[in-house]
Amino acid sequence: MNFRLLGRSGLAVSELCLGTMTFGNTTSEADSIQMIHSFMEKGGNFLDTANVYVDGRSEEVVGKAIRGRRSEVVLATKVRMKTSEDINGAGLSRKHIMDGVEASLKRLNTDYIDLYQVHVWDHATPIEETLRTLDDLVTSGKVRYIGCSNFFAWQLMKSLAVSDINRYVRFVSIQPQYSLVSREMDREMISLCLEERIGIIPWAPVGGGFLTGRYTRERPDSGRLTAKTGESSWDLRATEKNFAILDQVRQAADELGRTPAQVSLNWLLQREGITSPIFGASTLEQFEDNMGAVGWTMPGAVWDKLDEVSRLPSEYPNRFIAKFRRPI
(Lines give C-alpha, C1' and ligand atoms only; values in the text may rest on other atoms or scores of the structure.)
Protein backbone atom coordinates (compact mmCIF):
# COMPACT_ATOMS: atom_id res chain seq x y z
CA MET A 1 0.00 0.00 0.00
CA ASN A 2 1.41 3.36 -1.03
CA PHE A 3 0.73 6.64 0.75
CA ARG A 4 -0.06 10.13 -0.48
CA LEU A 5 -0.24 13.52 1.18
CA LEU A 6 -3.79 14.83 1.58
CA GLY A 7 -3.99 18.08 -0.37
CA ARG A 8 -1.46 20.68 0.68
CA SER A 9 -1.29 19.21 4.20
CA GLY A 10 1.44 17.00 5.63
CA LEU A 11 -1.08 14.26 6.46
CA ALA A 12 -0.16 10.94 4.82
CA VAL A 13 -3.08 8.69 3.87
CA SER A 14 -3.16 5.29 2.21
CA GLU A 15 -3.92 5.21 -1.52
CA LEU A 16 -7.19 3.44 -0.77
CA CYS A 17 -9.69 4.61 1.84
CA LEU A 18 -12.07 2.12 3.44
CA GLY A 19 -15.64 3.37 3.38
CA THR A 20 -17.92 2.18 6.16
CA MET A 21 -21.42 3.22 5.04
CA THR A 22 -22.81 -0.32 5.40
CA PHE A 23 -21.03 -1.20 8.63
CA GLY A 24 -23.44 -2.25 11.34
CA ASN A 25 -26.23 -2.78 8.81
CA THR A 26 -25.85 -4.95 5.69
CA THR A 27 -22.32 -5.67 6.90
CA SER A 28 -22.39 -7.28 10.34
CA GLU A 29 -20.40 -5.79 13.18
CA ALA A 30 -18.08 -8.79 13.27
CA ASP A 31 -17.33 -8.63 9.53
CA SER A 32 -16.96 -4.84 9.69
CA ILE A 33 -14.35 -5.05 12.43
CA GLN A 34 -12.55 -7.85 10.59
CA MET A 35 -12.41 -5.71 7.44
CA ILE A 36 -10.97 -2.73 9.31
CA HIS A 37 -8.33 -4.87 11.00
CA SER A 38 -7.43 -6.59 7.71
CA PHE A 39 -7.26 -3.21 5.97
CA MET A 40 -4.81 -1.97 8.58
CA GLU A 41 -2.74 -5.16 8.38
CA LYS A 42 -2.46 -4.67 4.62
CA GLY A 43 -1.10 -1.14 5.16
CA GLY A 44 -4.28 0.93 4.97
CA ASN A 45 -4.71 3.77 7.44
CA PHE A 46 -7.59 5.85 6.02
CA LEU A 47 -11.16 5.21 7.25
CA ASP A 48 -14.25 7.18 6.19
CA THR A 49 -17.64 7.30 7.90
CA ALA A 50 -20.42 9.82 8.61
CA ASN A 51 -22.73 10.63 11.49
CA VAL A 52 -25.78 9.55 9.44
CA TYR A 53 -24.48 6.20 8.20
CA VAL A 54 -26.84 3.61 9.71
CA ASP A 55 -28.11 6.36 12.05
CA GLY A 56 -24.71 6.64 13.71
CA ARG A 57 -24.17 2.91 14.06
CA SER A 58 -21.30 2.98 11.54
CA GLU A 59 -19.35 5.39 13.75
CA GLU A 60 -19.90 3.13 16.75
CA VAL A 61 -18.57 0.09 14.90
CA VAL A 62 -15.54 2.01 13.65
CA GLY A 63 -14.88 3.21 17.20
CA LYS A 64 -14.89 -0.36 18.47
CA ALA A 65 -12.59 -1.56 15.70
CA ILE A 66 -9.87 1.04 16.33
CA ARG A 67 -9.97 0.89 20.12
CA GLY A 68 -6.39 0.76 21.34
CA ARG A 69 -5.08 1.60 17.85
CA ARG A 70 -6.40 5.12 17.42
CA SER A 71 -3.07 6.68 16.48
CA GLU A 72 -2.61 4.21 13.61
CA VAL A 73 -5.54 5.52 11.57
CA VAL A 74 -6.62 8.68 9.82
CA LEU A 75 -10.27 8.89 10.83
CA ALA A 76 -12.71 10.87 8.68
CA THR A 77 -16.37 11.58 9.37
CA LYS A 78 -18.99 14.09 8.25
CA VAL A 79 -21.65 16.53 9.43
CA ARG A 80 -24.59 18.28 7.74
CA MET A 81 -27.44 15.80 7.24
CA LYS A 82 -30.56 15.50 9.39
CA THR A 83 -29.92 13.80 12.72
CA SER A 84 -33.08 14.75 14.63
CA GLU A 85 -36.56 16.19 14.16
CA ASP A 86 -35.47 19.41 15.87
CA ILE A 87 -35.50 22.51 13.66
CA ASN A 88 -31.72 22.79 14.16
CA GLY A 89 -31.14 19.07 13.67
CA ALA A 90 -29.61 19.56 10.20
CA GLY A 91 -27.39 21.96 8.30
CA LEU A 92 -24.05 23.66 8.84
CA SER A 93 -24.98 26.16 11.54
CA ARG A 94 -22.64 26.60 14.48
CA LYS A 95 -25.15 24.81 16.68
CA HIS A 96 -25.58 21.76 14.47
CA ILE A 97 -21.85 21.40 13.87
CA MET A 98 -21.02 21.71 17.56
CA ASP A 99 -23.74 19.24 18.51
CA GLY A 100 -22.67 16.94 15.70
CA VAL A 101 -18.99 16.81 16.55
CA GLU A 102 -19.68 15.98 20.20
CA ALA A 103 -22.02 13.15 19.21
CA SER A 104 -19.52 11.76 16.70
CA LEU A 105 -16.65 11.89 19.20
CA LYS A 106 -18.76 9.91 21.66
CA ARG A 107 -19.77 7.25 19.13
CA LEU A 108 -16.23 6.95 17.78
CA ASN A 109 -14.87 6.70 21.32
CA THR A 110 -12.14 9.25 20.62
CA ASP A 111 -11.25 12.78 21.62
CA TYR A 112 -10.32 14.00 18.12
CA ILE A 113 -11.29 13.56 14.47
CA ASP A 114 -8.55 13.66 11.88
CA LEU A 115 -10.67 14.86 8.95
CA TYR A 116 -14.05 16.50 9.62
CA GLN A 117 -16.03 16.97 6.41
CA VAL A 118 -19.16 18.96 5.61
CA HIS A 119 -21.40 16.49 3.79
CA VAL A 120 -23.01 18.94 1.35
CA TRP A 121 -23.45 22.72 0.98
CA ASP A 122 -26.03 24.39 3.23
CA HIS A 123 -27.81 27.27 1.47
CA ALA A 124 -29.40 28.43 4.72
CA THR A 125 -26.14 29.04 6.61
CA PRO A 126 -23.52 31.61 5.58
CA ILE A 127 -20.28 29.82 4.73
CA GLU A 128 -18.50 32.30 7.03
CA GLU A 129 -20.38 30.86 10.01
CA THR A 130 -19.56 27.30 9.00
CA LEU A 131 -15.87 27.95 8.44
CA ARG A 132 -15.47 29.98 11.65
CA THR A 133 -16.98 27.08 13.58
CA LEU A 134 -14.71 24.54 11.89
CA ASP A 135 -11.72 26.79 12.56
CA ASP A 136 -12.65 26.86 16.24
CA LEU A 137 -12.84 23.07 16.30
CA VAL A 138 -9.33 22.82 14.85
CA THR A 139 -8.05 25.36 17.37
CA SER A 140 -9.65 23.36 20.19
CA GLY A 141 -7.95 20.14 19.05
CA LYS A 142 -11.19 18.23 18.52
CA VAL A 143 -10.59 18.29 14.76
CA ARG A 144 -7.23 18.14 12.97
CA TYR A 145 -8.18 18.90 9.34
CA ILE A 146 -11.36 19.86 7.50
CA GLY A 147 -12.80 18.83 4.17
CA CYS A 148 -15.98 19.10 2.11
CA SER A 149 -18.11 16.79 0.01
CA ASN A 150 -20.54 17.10 -2.90
CA PHE A 151 -19.69 20.76 -3.61
CA PHE A 152 -19.87 22.68 -6.87
CA ALA A 153 -16.54 24.15 -7.95
CA TRP A 154 -17.76 27.68 -7.13
CA GLN A 155 -18.74 26.58 -3.62
CA LEU A 156 -15.30 25.14 -2.95
CA MET A 157 -13.55 28.21 -4.35
CA LYS A 158 -15.75 30.56 -2.33
CA SER A 159 -14.98 28.56 0.80
CA LEU A 160 -11.24 28.73 0.16
CA ALA A 161 -11.45 32.49 -0.41
CA VAL A 162 -13.41 33.05 2.81
CA SER A 163 -10.86 31.00 4.73
CA ASP A 164 -7.95 32.92 3.23
CA ILE A 165 -9.49 36.35 3.85
CA ASN A 166 -10.35 35.55 7.47
CA ARG A 167 -7.28 33.38 8.16
CA TYR A 168 -9.46 30.39 8.93
CA VAL A 169 -8.26 26.86 8.38
CA ARG A 170 -8.75 25.73 4.76
CA PHE A 171 -10.45 22.66 3.35
CA VAL A 172 -7.68 20.18 2.51
CA SER A 173 -9.89 17.77 0.57
CA ILE A 174 -13.13 17.19 -1.25
CA GLN A 175 -15.14 13.98 -1.44
CA PRO A 176 -17.06 13.91 -4.75
CA GLN A 177 -18.67 11.12 -6.71
CA TYR A 178 -16.10 10.15 -9.34
CA SER A 179 -15.56 7.03 -11.43
CA LEU A 180 -15.32 5.83 -15.00
CA VAL A 181 -19.12 6.19 -15.23
CA SER A 182 -19.32 9.50 -13.37
CA ARG A 183 -16.75 12.02 -14.58
CA GLU A 184 -18.71 15.26 -14.16
CA MET A 185 -15.93 16.57 -11.91
CA ASP A 186 -13.72 16.81 -15.00
CA ARG A 187 -15.59 19.93 -16.10
CA GLU A 188 -14.19 22.26 -13.42
CA MET A 189 -13.54 20.54 -10.10
CA ILE A 190 -10.45 18.52 -11.03
CA SER A 191 -8.60 21.53 -12.45
CA LEU A 192 -9.57 23.63 -9.42
CA CYS A 193 -8.26 20.99 -7.03
CA LEU A 194 -5.00 20.69 -8.95
CA GLU A 195 -4.57 24.47 -8.91
CA GLU A 196 -5.37 24.83 -5.19
CA ARG A 197 -3.78 21.50 -4.14
CA ILE A 198 -7.00 20.05 -2.74
CA GLY A 199 -7.00 16.30 -2.15
CA ILE A 200 -9.68 14.33 -3.99
CA ILE A 201 -11.13 11.27 -2.25
CA PRO A 202 -13.84 9.94 -4.59
CA TRP A 203 -16.88 8.03 -3.39
CA ALA A 204 -18.61 5.35 -5.53
CA PRO A 205 -15.35 4.62 -7.41
CA VAL A 206 -16.90 1.51 -9.00
CA GLY A 207 -20.16 3.25 -9.84
CA GLY A 208 -22.18 1.88 -6.96
CA GLY A 209 -21.34 -1.65 -8.09
CA PHE A 210 -22.01 -1.10 -11.80
CA LEU A 211 -18.33 -1.51 -12.68
CA THR A 212 -17.80 -4.73 -10.71
CA GLY A 213 -18.84 -6.88 -13.67
CA ARG A 214 -21.79 -8.28 -11.77
CA TYR A 215 -24.42 -6.67 -13.98
CA THR A 216 -25.53 -7.30 -17.57
CA ARG A 217 -27.85 -5.22 -19.74
CA GLU A 218 -30.81 -6.95 -18.12
CA ARG A 219 -32.46 -5.08 -15.27
CA PRO A 220 -31.28 -6.75 -12.02
CA ASP A 221 -33.67 -8.15 -9.43
CA SER A 222 -31.17 -7.93 -6.56
CA GLY A 223 -28.30 -5.72 -5.49
CA ARG A 224 -27.78 -2.03 -4.93
CA LEU A 225 -28.68 -1.01 -8.47
CA THR A 226 -32.27 -2.14 -7.98
CA ALA A 227 -32.89 1.14 -6.14
CA LYS A 228 -35.43 3.30 -7.96
CA THR A 229 -33.81 6.60 -6.98
CA GLY A 230 -30.37 7.89 -6.06
CA GLU A 231 -27.01 8.07 -7.78
CA SER A 232 -26.74 4.28 -8.10
CA SER A 233 -30.22 3.63 -9.44
CA TRP A 234 -30.49 1.35 -12.46
CA ASP A 235 -32.19 3.98 -14.60
CA LEU A 236 -29.28 6.37 -14.03
CA ARG A 237 -26.50 3.82 -14.58
CA ALA A 238 -27.96 1.74 -17.41
CA THR A 239 -27.04 3.95 -20.36
CA GLU A 240 -25.45 2.86 -23.63
CA LYS A 241 -22.32 4.87 -22.88
CA ASN A 242 -21.95 3.26 -19.45
CA PHE A 243 -22.34 -0.22 -20.93
CA ALA A 244 -19.66 0.66 -23.48
CA ILE A 245 -17.42 1.66 -20.58
CA LEU A 246 -18.25 -1.56 -18.75
CA ASP A 247 -17.40 -3.61 -21.86
CA GLN A 248 -14.00 -1.89 -22.02
CA VAL A 249 -13.45 -2.54 -18.30
CA ARG A 250 -14.23 -6.24 -18.77
CA GLN A 251 -11.87 -6.40 -21.74
CA ALA A 252 -9.09 -4.77 -19.70
CA ALA A 253 -9.73 -7.14 -16.80
CA ASP A 254 -9.42 -10.18 -19.09
CA GLU A 255 -6.26 -8.80 -20.66
CA LEU A 256 -4.60 -8.03 -17.32
CA GLY A 257 -5.83 -11.04 -15.34
CA ARG A 258 -7.68 -8.76 -12.93
CA THR A 259 -11.29 -8.25 -11.90
CA PRO A 260 -13.44 -5.38 -13.24
CA ALA A 261 -13.51 -3.76 -9.78
CA GLN A 262 -9.72 -3.87 -9.54
CA VAL A 263 -9.36 -2.34 -13.00
CA SER A 264 -11.84 0.45 -12.21
CA LEU A 265 -10.11 1.33 -8.95
CA ASN A 266 -6.62 1.12 -10.42
CA TRP A 267 -7.62 3.49 -13.23
CA LEU A 268 -8.53 6.03 -10.55
CA LEU A 269 -5.28 5.45 -8.66
CA GLN A 270 -3.39 6.50 -11.80
CA ARG A 271 -5.63 9.53 -12.50
CA GLU A 272 -3.90 12.85 -11.88
CA GLY A 273 -5.22 14.62 -8.78
CA ILE A 274 -6.87 11.59 -7.16
CA THR A 275 -5.60 11.03 -3.63
CA SER A 276 -7.49 8.04 -2.28
CA PRO A 277 -10.65 6.42 -3.70
CA ILE A 278 -13.14 5.37 -1.03
CA PHE A 279 -14.21 1.79 -1.63
CA GLY A 280 -17.01 0.06 0.23
CA ALA A 281 -17.60 -3.64 0.77
CA SER A 282 -20.65 -5.44 2.09
CA THR A 283 -18.86 -8.79 2.32
CA LEU A 284 -15.36 -10.02 3.07
CA GLU A 285 -15.13 -11.35 -0.49
CA GLN A 286 -15.84 -7.89 -1.91
CA PHE A 287 -13.26 -6.42 0.44
CA GLU A 288 -10.54 -8.79 -0.76
CA ASP A 289 -11.45 -8.12 -4.38
CA ASN A 290 -11.14 -4.35 -3.93
CA MET A 291 -7.84 -4.65 -2.10
CA GLY A 292 -6.45 -6.29 -5.24
CA ALA A 293 -6.51 -2.88 -6.92
CA VAL A 294 -3.15 -1.91 -5.38
CA GLY A 295 0.37 -3.18 -5.94
CA TRP A 296 0.35 -3.08 -9.76
CA THR A 297 0.43 -0.54 -12.56
CA MET A 298 -1.99 -0.50 -15.47
CA PRO A 299 -0.24 -0.27 -18.85
CA GLY A 300 -0.58 3.14 -20.43
CA ALA A 301 -2.35 1.85 -23.53
CA VAL A 302 -5.03 0.14 -21.44
CA TRP A 303 -5.46 3.22 -19.22
CA ASP A 304 -5.84 5.41 -22.32
CA LYS A 305 -8.59 3.20 -23.77
CA LEU A 306 -10.56 3.45 -20.52
CA ASP A 307 -10.00 7.19 -20.41
CA GLU A 308 -11.18 7.62 -23.99
CA VAL A 309 -14.37 5.58 -23.69
CA SER A 310 -15.39 7.31 -20.45
CA ARG A 311 -14.37 10.86 -21.35
CA LEU A 312 -16.99 13.62 -21.27
CA PRO A 313 -18.09 15.03 -24.62
CA SER A 314 -16.34 18.15 -25.87
CA GLU A 315 -18.07 21.09 -24.21
CA TYR A 316 -17.86 24.86 -24.00
CA PRO A 317 -15.84 26.59 -22.61
CA ASN A 318 -13.20 23.84 -22.54
CA ARG A 319 -13.18 23.30 -26.31
CA PHE A 320 -12.94 27.08 -26.84
CA ILE A 321 -10.18 27.62 -24.29
CA ALA A 322 -8.17 24.69 -25.65
CA LYS A 323 -7.51 26.67 -28.83
CA PHE A 324 -5.59 29.30 -26.89
CA ARG A 325 -3.44 27.13 -24.65
CA ARG A 326 0.20 28.22 -24.71
CA PRO A 327 2.81 25.56 -25.47
CA ILE A 328 4.81 26.25 -22.30
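## Strands side by side

Two strands count as paired if DSSP finds at least two bridges between them. Keep that in mind for this predicted model, where a good place to start is strand β8, residues 171–175. On one side of the story is strand β7 (residues 143–149), which pairs with β8 in the parallel sense over 4 bridges. Look for C148 here: it stands opposite I174 in β8.

Now turn to strand β9, residues 199–200. β8 pairs with β9 too, again in the parallel sense, this time over 2 bridges. I174 turns up once more, with I200 as its bridge partner in β9.

## How the strands are linked

Helices come into the picture as well. Helix α5 (residues 153–166) joins β7 and β8 in a right-handed β-α-β unit. Another right-handed β-α-β unit is made by β8, helix α6 (residues 189–196) and β9.

So how many residues of β8 are buried? The count is 5 of the 5, so the strand is largely enclosed by the rest of the structure.

## A helix with two sides

Further along the chain, helix α11 covers residues 300–310. Which of its residues are buried? They are V302, W303, L306, D307 and S310. Seen down the helix axis, these buried residues fall within an arc of 135 degrees, so they line one face of α11. In general, an α-helix has 3.6 residues a turn, so residues three or four places apart point the same way.

The buried residues of α11 pack against α8 (240–256) and α9 (260–269). On the other side of α11, A301 and E308 are exposed.

Conventions: Residues numbered from 1 in each chain as written. Predicted model: local features only at pLDDT ≥ 70, side-chain atom pairs only at ≥ 80, totals over all residues. Heavy atoms only, no water. Buried < 20%, exposed > 50% of the residue type's maximum accessible area, 1.4 Å probe, protein only. Right-handed = clockwise from strand over helix to strand, strands pointing away. Arc of directions from axis to C-beta. Contact = heavy atoms within 4.5 Å.
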